[in-house]
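The exercises below are to be worked with the sequence and the coordinates open. Each has a task and a solution in steps.

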Amino acid sequence: MTPPPSPKNSAPNPGSPPPCTRFSLENGAVWLSLAGGTEPDPGLLAAGLERRGQRDGGGWVPLGSSGERAWVKGGRLSWKSSLRHGASRAFLGRPVPRLREMGNLLELIRRAVPAAEPLLAGVERGPIGRPTMQFLATREVRDAVEITTYLSTATGDQRLGVLASAGALASQMHRAGFVHRNFFARNLVRQPDGVLTILDPWRGEFVHRPRCHVVDLAGFLADAGRALADRDRRCFLESYAHASEGAFDIPKAAALQAATDQEARRMEVRVQRRRGR
């Protein structure tokens, strides 16, 4: 959902999060962005604030008395991350990742692209406005499983069906003007009726750059990796091309392979960095 224009933000970019409101605490304050309403859900706020003293991670919390759950993720920012995100906000006007993710999810939903429903996001700032902690709460996609988990037990026909759906979803996302940049198999979940839902789009942006689409296609193929046979890869790409209806072309095989190899290397670097924390 794009916030309304304001004197300081006359033309907000698509995917901008709802404006933040300062919420006072006993030991400070936190800036909150709400998807709806004027007051945060106490349980979600408490779960988000619990992330202040923890590394980036997440967990499930009950959502009201309906039996639903919400996934609350976030944590304290390292000094380097805090400095980087503070400078990005000051000079580029970019919110911290969890706020950016909330805005992207709301805009994807508004454009009829299946995405997890965000509920609440927050950021805590230091004395000079530098972000020190961030969190995001999203509603659980009921009875859904990660694509990677589904592929590990699916039959041949089931695999082709879910890969065709993933290719069609990638096309739908790109035709809506969004480049994910983390369009990995583990960031898609499948509901029992076969509908796929997008997760974790914090790195993405709404921009019409067809040349960037190869990054999303390569990311999916690199993340699925050895779980995909040649016919699985063809099914994914052919479904993408068919759903695009000529709007986008499948990248040349050499270009796609190079991009897939590059994404695989990037994933390995990220894993090594996490291990070195």
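How many bridges join strand 5 to strand 6, and do these strands run parallel or antiparallel? The model is a predicted one.

**Exercise 1. Pair strand 5 with strand 6.**

Solution. Step one is the count: seven bridges join strand 5 to strand 6. Step two is the direction, and the two strands run antiparallel. Step three fixes the register: V123 has Q134 in strand 6 as its bridge partner.

**Exercise 2. Place the other strands and describe the sheet.**

Solution. Begin with strand 1 (residues 21-25) and strand 2 (residues 28-34), which are antiparallel and joined by five bridges. The connection between strand 1 and strand 2 is a hairpin of two residues. L25 has its bridge partner, G28, in strand 2.

Next, write out the order. The open sheet has six strands, arranged 1-2-5-6-4-3 with antiparallel pairing. Strand 1 and strand 3 each have a single partner strand and stand at the edges, so one side of each has no neighbour in the sheet. On average, and ignoring direction, neighbouring strands of this sheet are turned by 25° against each other.

**Exercise 3. Dock helix 1 on the sheet.**

Solution. First, find the contacts: helix 1 packs on the sheet and touches strand 1, strand 2, strand 3, strand 4, strand 5 and strand 6. The direction of helix 1 makes about 140° with that of strand 6.

Second, list the residues of helix 1 (residues 42-50) that are buried: L44, L45, A47, G48 and L49. These buried residues pack against the strands, including strand 3 (57-63) and strand 4 (68-76).

Third, inspect the N-terminal end of helix 1. D41 caps this end, with a side-chain oxygen 2.9 Å from the backbone nitrogen of G43.

**Exercise 4. Which residues touch the most other members of the largest nonpolar core?**

Solution. The largest nonpolar core has 44 residues, and L163, L188, F220 and F236 touch the most other members. Elements that each supply at least two residues of this core include helix 3 (97-110), strand 5, helix 5 (156-175) and helix 7 (230-244).

Now take F220 alone. Not counting residues up to four places away in sequence, F220 touches L163, A166, F183, F184, A185, L188, L228 and F236. Another core, of 16 residues, lies apart from the largest one; A47, L49, A70 and A137 are among its members. As a general background, nonpolar side chains in soluble globular proteins tend to be buried together.

**Exercise 5. Is S239 buried or exposed, and what does S239 contact?**

Solution. Locate S239 first: this residue is in helix 7. The relative accessible area of S239 is 14%, so S239 is buried, the cut-off being under 20%. Leaving aside neighbours within four places in sequence, S239 is in contact with A164, G167 and A168. A polar atom of the S239 side chain lies 2.5 Å from the backbone oxygen of A164.

**Exercise 6. Summarise the protein as a whole.**

Solution. Count the elements: the protein has eight helices and eleven strands. The radius of gyration is 19 Å, close to the 19 Å of the globule rule for 277 residues, so the protein is as compact as a globular protein of that length. The C-alpha trace spans about 60 × 40 × 40 Å along the principal axes. Of the 277 residues, 46% are buried. Finally, consider contacts between residues at least 6 apart in sequence: 64% of them join residues at least 24 apart.

How values were computed: Residues numbered from 1 in each chain as written. Predicted model: local features only at pLDDT ≥ 70, side-chain atom pairs only at ≥ 80, totals over all residues. Heavy atoms only, no water. Pairing = 2+ DSSP bridges. Helix = DSSP H or I, 4+ residues; strand = E, 2+ residues; numbered from the N terminus. Buried < 20%, exposed > 50% of the residue type's maximum accessible area, 1.4 Å probe, protein only. Contact = heavy atoms within 4.5 Å. Polar contact = N/O pair within 3.5 Å; in protein donor to acceptor, adjacent residues only side chain to side chain. Axes fitted to C-alpha atoms, helices over the stretch in contact; angles between N-to-C directions. Core = buried A, V, L, I, M, F, W, Y, C linked by side-chain atoms within 4.5 Å. Rg over C-alpha atoms; globule rule 2.2 N^0.38 Å.
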